[in-house]
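Here is a short report on one protein chain. Please keep the sequence and the structure open while reading.

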Amino acid sequence: MPPKAKVNKDSKTSTNDSKKDSKSKASGGKSKNDSATEGSSSGGKALKPATAINARHILCEKHSKKEEAVTKLKEGAKFDDVAKEFSEDKARQGGSLGWKTRGALDAAFEKAAYDLEPSTTANPKYIEVKTGHGYHVIMVEGRR
């Protein structure tokens, strides 16, 4: 069974525990501490179902490199700039994966991404997920 994302209470995703090395969490990006629950204005509204998402990601083989990328995001760096610097996959154009329909992505990646609220690269809402491809930091720019 693929690892599942673990996110904070204020995000729109469900919380599931996974393996110790695949800890995941959602963040608003610019928080000064690890508690991503502060300052969230989710209001308890559920996201409308989507058949496609416009996603970006940062893929790192090593957990330590992914953590460096997350630190940059927390310091206020733009998501696409961090993706260009840290991502180890072919989507190095700011981490853009483009529009992806359900079933087109890794199951753990897809579950986390479809449950994530859309945001901008300047103020990203992201989630960390481990898949068979490595460690991902995912953000969603749009839903349809």
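The sections below go from the overall fold to single elements, charged pairs and selected residues.

## Overall architecture

This is a predicted model. The protein has three helices and five strands. Read from the N terminus, the order of elements is β-β-α-α-β-α-β-β.

Of the 144 residues in the protein, 43% are buried. The exposed surface comes to about 7900 Å². Carbon and sulfur atoms supply 49% of that area. Among contacts with a separation of 6 or more, 66% are between residues 24 or more positions apart.

## The E4–E5 hairpin

Strand E4 covers residues 126–131. Strand E5 covers residues 134–143. The two strands pair in the antiparallel sense, over six bridges. A hairpin of two residues joins E4 to E5. Tyr 126 has Met 139 in E5 as its bridge partner.

How enclosed is E4 by the rest of the structure? Five of its six residues are buried, so E4 is largely enclosed.

## Helix H2 and its buried side

Helix H2 spans residues 79–86. Its buried residues are Phe 79, Asp 80, Val 82, Ala 83 and Phe 86. They lie on the same side of H2, because they cover an arc of only 160° around the axis.

What do these buried residues pack against? Their partners are strand E2 (52–60), helix H1, E4 and E5.

## Salt bridges

How many salt bridges does a search of the whole structure find? The search finds six. Three of these pairs are described here.

Lys 65 forms a salt bridge with Glu 88. Their closest N and O atoms are 3.1 Å apart. The pair links distant parts of the chain, with the two positions 23 residues apart in sequence numbering. Lys 65 sits in helix H1 (residues 63–74), while Glu 88 sits in the loop between H2 and strand E3 (96–101). Lys 65 has 26% relative accessibility, so it counts as partly exposed. Glu 88 is also partly exposed, at 37%.

Glu 128 and Lys 66 meet through their side chains in a second salt bridge, at 2.5 Å from N to O. This pair, too, links distant parts of the chain. Glu 128 is in E4 and Lys 66 is in H1, 62 residues apart. Are these two residues buried or exposed? Glu 128 is buried, with a relative accessible area of 2%. Lys 66 is buried as well, at 1% relative accessibility.

Lys 125 forms a salt bridge with Glu 117, and their closest N and O atoms are 2.8 Å apart. Lys 125 is partly exposed, at 31% relative accessibility. Glu 117 is partly exposed too, with a relative accessible area of 25%. Salt bridges that share partners also join Lys 66, Glu 67 and Glu 128 into one network.

## A buried charge without a salt bridge

Glu 110 lies in helix H3, which runs over residues 107–114. Glu 110 is buried yet has no salt bridge. Which side chain of opposite charge is nearest to Glu 110? That side chain belongs to Arg 102, and it is 4.7 Å away. A salt bridge requires the nitrogen to be within 4 Å of the carboxyl oxygen, so this pair does not qualify.

Arg 102 is nonetheless among the residues that Glu 110 touches. The others are Thr 101, Gly 103, Ala 104 and Leu 105, leaving out residues up to four places away in sequence.

## Two further buried residues

Asn 54 lies in strand E2. Its relative accessible area is 16%, which is under the 20% limit, so Asn 54 counts as buried. Beyond its neighbours within four places in sequence, Asn 54 is in contact with Gly 98, Trp 99, Met 139, Val 140, Glu 141 and Gly 142. Met 139 is also the bridge partner of Tyr 126.

Leu 73 is placed in helix H1. Leu 73 is buried, at 1% relative accessibility. Where does Tyr 126 lie relative to Leu 73, in sequence and in space? The two are 53 residues apart in sequence and 9.4 Å apart in space, C-alpha to C-alpha.

Notes
Residues numbered from 1 in each chain as written. Predicted model: local features only at pLDDT ≥ 70, side-chain atom pairs only at ≥ 80, totals over all residues. Heavy atoms only, no water. Helix = DSSP H or I, 4+ residues; strand = E, 2+ residues; numbered from the N terminus. Buried < 20%, exposed > 50% of the residue type's maximum accessible area, 1.4 Å probe, protein only. Contact = heavy atoms within 4.5 Å. Areas by Shrake-Rupley, 256 points an atom, 1.4 Å probe, with all protein chains shown as cover. Lys, Arg positive; Asp, Glu negative; His and termini not counted. Pairing = 2+ DSSP bridges. Arc of directions from axis to C-beta.
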